[in-house]
Amino acid sequence: MANSFTRIMSGRNTAVILASIGAGTLVSGYVLSDNTAAAAAAERTRLYPPSADFPDLRKHNNCMAAALTPTIYGRLRDKTTPSNWTLDQCIQTGVDNPGHPFIKTVGMVAGDEESYEVFAELFDPVIKDRHNGYDPRTMKHPTDLDASKITSGMFDERYVLSTRVRTGRSIRGLSLPPACSRSERREVERVVVTALAGLKGDLTGRYYSLGEMSDREQKQLIDEHFLFDKPVSPLLTAAGMARDWPDARGIWHNNEKNFLIWINEEDHTRIISMEKGGNMKRVFERFCRGLKQVEHLIQERGWEFMWNDRLGYILTCPSNLGTGLRAGVHIRLPILSRDPRFKKILDNLRLQKRGTGGVDTAATGDTVDISNLDRLGKSEVDLVQLVIDGVNYLIECEKRLERGQDIKIPSPISPFRK
Amino acid sequence: MPFGNTHNNFKLNYKVEEEYPDLSKHNNHMAKVLTKELYGKLRDKQTPNGFTLDDVIQTGVDNPGHPFIMTVGCVAGDEESYEVFKDLLDPIISDRHNGYKATDKHKTDLNFENLKGGDDLDPAYVLSSRVRTGRSIKGFTLPPHSSRGERRGIEKLSVEALTSLDGEFKGKYYPLKSMTDAEQEQLINDHFLFDKPVSPLLTCAGMARDWPDGRGIWHNDSKTFLVWVNEEDHLRVISMQQGGNMREVFRRFCVGLQKIEEIFKKHNHGFMWNEHLGYILTCPSNLGTGLRGGVHVKLPKLSTHPKFDEILTRLRLQKRGTGGVDTASVGGVFDISNADRLGSSEVAQVQMVVDGVKLMVEMEKKLEKGEAIDSMIPAQK
């Protein structure tokens, strides 16, 4: 019975191929040579030019939809990275999630380090849009993990309840979570867990694999707010990041429970340094020290982090490029948070507020999560200092309002280094 | 363009043990069949359209299954999947379809006149009757794999075919993405509208990509014949009406399907079918007839009888709640339909529903009168 396969094969030497597989019926389980697959792919390209596949983005409101034109799509659709990742795979999450009328999501992800190059024609404008006009073609991103440069890093603990710094790191040579195969994901786990086992002193800790965790361990990690769960956000699941869950996913933390690493969630690794109270300098110092030691330990075995001087640290989501750093506090600002000028003050200080449950949660009571808005174009030290100075300013404002004094909106800070 | 896992050859650089999924906590048909050896044997293959073993099994890897419900755990991405991956799919098909062998032939019979009776199910008990099936269009890949261009091609062909129907089949197409609020509300009230899949069984297989692009609903003016385009299969075809005249429902089903198939054939895009697997659909559980013929029937007494499930099994029927698969029954009303799909024809399956429901309504009436039904319990069909 004729089928689509014969139609595709009609341009090829069908007889030879069929004879070589000795097929009485048309198809009976065989390995396709690259030639036949290539012929089929060429046929599909002829039948479905890029214009046939261009997504309908008229109801979409994300950075990818704003940047993707039929021309760009036409040029990039048939390209692949060296590990065969395609543009359609990068943008699937943005096609499937039109976005919110008020929140602009990014709408695309990288499958590997090379995605940012091969699909630069689309990634560059998206990066510009998301990162205040940062141009990866002409600008350089500064990396600085020298915590000794930080000043005034101790907050008034009558206001600041807890302090946290997080970032992500990707292992060069292995595909990112949207694209990785099971073996690559397991390799990431092996590389990172081996390195973490070499940490000493206050960073000594242990690894809990998600798939092998006992119920008791799981409960403990949930109570401590350490456990991450299988992603349910369609932004992540549509990008393929939840595949094969919980295979090769896990959590590592030090015995003191103030240095924590997530493995194979949204990025290869997420690194978190945190503690109760307001000692941002100590949190950042431990963060830098831990990061540098982990980097050293993986380098000993011939691995390194994905990084370049245009985009800084390479992560899955373009929004986390550069430093990938979010430094923040949980802070009580009962009067200031109700002041109509609060948002403008935050904007000018280049800070962002979130609820205490994290991104997209509402603030409960008077406590808000305040952190840096920017990720790319300023170094880690720059951003942490910016958070410190900004939070100190907010505390000053709160104190002034307590005393019935007036407050000033500060001048806007530049998103980039001068 | 293919969805996910395109870099199959790249994965071959890793050893089988490294790539083989951890199925130790899984309970689905795929996990029962896929050994490491079989994985190793099939992992370097792909269909002409680039669908790979990992594409087939991803949904089963991501959804370990329920301890009590056995899901299939794999999907086809195109017609050729059932050939290229037969070493995996044949045992799964056999397991799911009562020992169906790789050499068995499936009989297709859409001649409604071969159905005996079926027009006299008691409407005091049988509230509504419905027959559904799926159809895949040759020359296109299936929902887990289709690109936007293909999906739109399927929609365009389908709309052309459906809008050319006349008489009792004259109707209208409602594309999901340009539906007005009024149209949407009407379709919801008619219980016609399908929504973006939320079941992880479907989303992990990539069937919800690009929603709602290329999806829509067509129905005839009298609202008795309905087609879903590009949901879980290329086409889902449904004939239904209130009351117990299953014969009429089946007649309309057969006539409508044959008319549609004629039009597709004229465009050189007939339905996917072969004499071993019958109609080819995305999920192996729907091979053969892809047919679920059923009724909503009031059986408050019979459903609480200790032998109810036994009776259903013997009649080769299955029960569901009135919300469809995996819902509970409300007010003693059950959805009763055929359990089989592959290995028996459409006529045979609908006959089993007609005969079985007729018998069960008799049993219900007996129980109402306080009489025993033991003598009526049938032998295993």
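Two strands are taken to pair if DSSP finds at least two bridges between them. The exercises below apply this criterion to a predicted model.

**Exercise 1.** Determine which residue is the bridge partner of B:Arg135 in β5(B), and place the two strands within their sheet.

*Solution.*
Step 1. Strand β1 of chain B covers residues 126-135, and strand β5 of chain B covers residues 235-242. Eight bridges join these antiparallel strands.
Step 2. Within β5(B), B:Arg135 has B:Leu235 as its bridge partner.
Step 3. Both strands belong to an open sheet of eight strands in chain B, ordered β2-β3-β4-β5-β1-β8-β10-β9 with antiparallel pairing. At its edges lie β2 (171-175) and β9 (317-320) of chain B, each of which pairs on one side only.

**Exercise 2.** Identify the strands of chain B that helix α13 (residues 346-368) of chain B touches as it packs on the sheet.

*Solution.*
Step 1. The strands touched by α13 of chain B are β1, β8 (292-298), β9 and β10.
Step 2. The direction of this helix makes about 145° with that of β10(B).

**Exercise 3.** Classify the relative direction of α14(A) and α15(A), and describe their contact by residue class.

*Solution.*
Step 1. The axes of α14 (residues 342-349) and α15 (residues 380-402) of chain A come within 10 Å and cross at roughly 155°.
Step 2. Angles over 145 degrees count as roughly antiparallel; α14(A) and α15(A) are therefore roughly antiparallel to each other.
Step 3. The crossing of α14(A) past α15(A) is right-handed.
Step 4. From α14(A), A:Phe342, A:Ile345, A:Leu346 and A:Leu349 meet A:Leu386, A:Gly390, A:Tyr393 and A:Leu394 of α15(A). By class, this contact has seven nonpolar residues, one polar residue and no charged residues.

Key: Residues are numbered from 1 along each chain as its sequence is written. Chains are lettered from A and ligands numbered from 1 in the order in which they are written. This is a predicted model: local features need pLDDT of at least 70, side-chain atom pairs count only at pLDDT 80 or more; totals for chains, interfaces and linings use all residues. Side-chain values use heavy atoms; hydrogens and water are left out. Helices (H or I, at least four residues) and strands (E, at least two) are DSSP runs, numbered from the N terminus. Contact means heavy atoms within 4.5 Å. Axes are lines fitted to C-alpha atoms, for helices over the stretch in contact, and angles run from 0 to 180 degrees between N-to-C directions. Angles under 35 degrees count as roughly parallel, over 145 as roughly antiparallel, 65 to 115 as roughly perpendicular and the rest as oblique. A crossing is left-handed if the near helix is turned anticlockwise from the far one by less than a right angle, and right-handed if clockwise. Ala, Val, Leu, Ile, Met, Phe, Trp, Tyr, Cys and Pro count as nonpolar, Asp, Glu, Lys and Arg as charged, and the others, Gly among them, as polar.
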